[in-house]
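Colleague: Please take a close look at one part of this model, the ligand and what lies around it. Add whatever you can say about the fold beyond that.

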Amino acid sequence: MKISVIGAGYVGLTTAACLAQIGHDVFCGESDIEKLHTLQAGVMPFFEPHLEDVIADSRKSGRLTFGSTEEAIEWGQAIFICVGTPPLGNGDADLSAIEVVARMIAKRAVGYRLIVEKSTVPVQTGAQLRKHLAVHRTQKLDYDVASNPEFLREGTSVEDFLHPDRIVVGVESQRATDLLREIYLPVIDQKIVCPIHSECPQRKAPRFLVTDTNSSELIKHASNSFLAMKISFINMVSDLCEAAGADISKVAEGIGLDPRIGSSFLQPGIGFGGFCFPKDLQAFVRIAEKFGCDFALLKEVERINQSRVDLLVEKIKKELWVLRNKKICVWGLAFKPNTDDVRFAPALSIIRRLLAEGAHIQAYDPEAMDKARKEIPEVAYCQDVYEAARGAEAIVLLTEWEEFRKVDWTHLSTVVERALIIDGRNTLSRDDVTTHGFQYVGIGGVSGAPQMSAILANG
Ligand code: UDX
């Protein structure tokens, strides 16, 4: 099918590339001229595993083209809107980019179009789009508006697109349902040439869930908010474990064995970041407010998440006492591993706090240093883990890259000023680290006997 994707961000580029990979003829429109030229020159605007290869293959076979938004609108029978919906100052999602695209479609498109909102939007955006298109159409345009939220995690977005658990479509007509099913059929039947696995792991076929547009829009916000809630929950339990002398890794394992709870998203640490959870959570609270529902639960999830930065800074201060003029090594800047994305990364908030206290930061991240440098130029960005650790009073791990688990601890111990690891993601093995003479400080772990104050306080 001829398909257009508007917007070449994390979601749009993955969507365009993967739709081409499963056999469609895709035109991806991008309004940022510089970014468009970068893509046309075959250069990736960000790091995402496998995406570069999928794009290169699809372009070579002629199934993927990059061009202007106007050209994209004229191309596809289905138009996937993947433009950004960043947060406004009050937490609302900024829908202005969607409005601009809708107006362009209304003015330029002729004949039938299936207009699919893939960007994360508040409930009833589909209804607004329908009205807006009706008001502004000038040509003979016939259309359906559908919602098809993305559940793509950065770092595994190609895999998530090609091997999803579910494909949710919010539709108001049989024609839209049929077209979306046709588009996703290779994924539903798992008849794809997989660019990731030579033999794909056996998985259940994805569920193709058909709903109305309002419900589909809500599914997306509710899913991300629920996952964020799980993270804040386990982070609070981890604080309790630390105070009471329990081990959060065992507690999380024990909780997660209940299939009603599940073991994923129970990793404690410095909190969630990235461009989805923080903004979607705020937006969901605002949406609820507009409909008269006080979602105080989610406000607390956000408050707990923000307090994780304070918690880690306090842990560092507890060990180092005065931070002024001390060299602190930071491993990891991205909001999570396997991405170069530093948007709303807790690592950057922590670094800003340490710099404000007068510390000198030496940082290393395998992918995110270019982006972090633009945000915080005062940091010394280093070539590798060892250079970042040279002369440091503490190594603070803020993103759980695989590389950090494979360091040569013996060599590392010769370059640091003080052998201290503060593991903000509980990703290192305490035994590995301590046998090489390092002191290990984790999150929510057993640090010896339960603190007497906690035992007394609890009777
Ligand atoms: C998320 C959703 O998972 C995806 O479905 C959606 O469409 C886009 O937003 P993403 O932002 O890429 O994906 O990251 P995700 O893997 O969900 O992690 C989000 C944040 O939570 C990261 O900062 C991560 O470090 C943190 N996290 C995750 C934890 O702190 N603990 C966990 O147990 C899991």
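How many residues surround the ligand, and which of them are the closest?

Modeller: This is a predicted model, in which local features need pLDDT of at least 70 and side-chain atom pairs count only at pLDDT 80 or more, while totals for chains, interfaces and linings use all residues. Residues are numbered from 1 along each chain as its sequence is written, and side-chain values use heavy atoms, with hydrogens and water left out.

The ligand is surrounded by 18 residues (a heavy atom within 4 Å), the closest being Glu 150, Glu 154, Gln 267, Gly 273 and Lys 336. By class, the shell has nine nonpolar, three polar and six charged residues (Ala, Val, Leu, Ile, Met, Phe, Trp, Tyr, Cys and Pro are nonpolar; Asp, Glu, Lys and Arg are charged; the others, Gly among them, are polar). Helix 9 (residues 213–244) contributes the most to this shell, three residues (helices are DSSP runs of H or I, at least four residues, and strands are runs of E, at least two, numbered from the N terminus).

Polar contacts, meaning N or O pairs within 3.5 Å, reach ligand oxygen atoms from several places. A polar side-chain atom of Arg 425 is 3.1 Å from one; a backbone N or O atom of Phe 335 also lies 3.1 Å from a ligand oxygen. For a polar backbone atom of Leu 152, the distance is 3.3 Å. The ligand alone exposes 670 Å², of which the protein buries 92% (Shrake-Rupley, 1.4 Å probe).

Beyond the ligand, six strands make an open, parallel sheet ordered 11-10-9-12-13-14 (strands pair if DSSP finds at least two bridges between them). Strand 11 (380–381) and strand 14 (439–441) each have a single partner, so one side of each lacks a neighbour in the sheet. Strand 9 (residues 327–331) pairs with strand 12 (residues 394–397) over four bridges, and Cys 329 stands opposite Ile 395 in strand 12.

Technical notes: A polar contact is a pair of N or O atoms within 3.5 Å; within protein, one must be able to donate a hydrogen and the other to accept it, and residues adjacent in sequence count only if both atoms are side-chain atoms.
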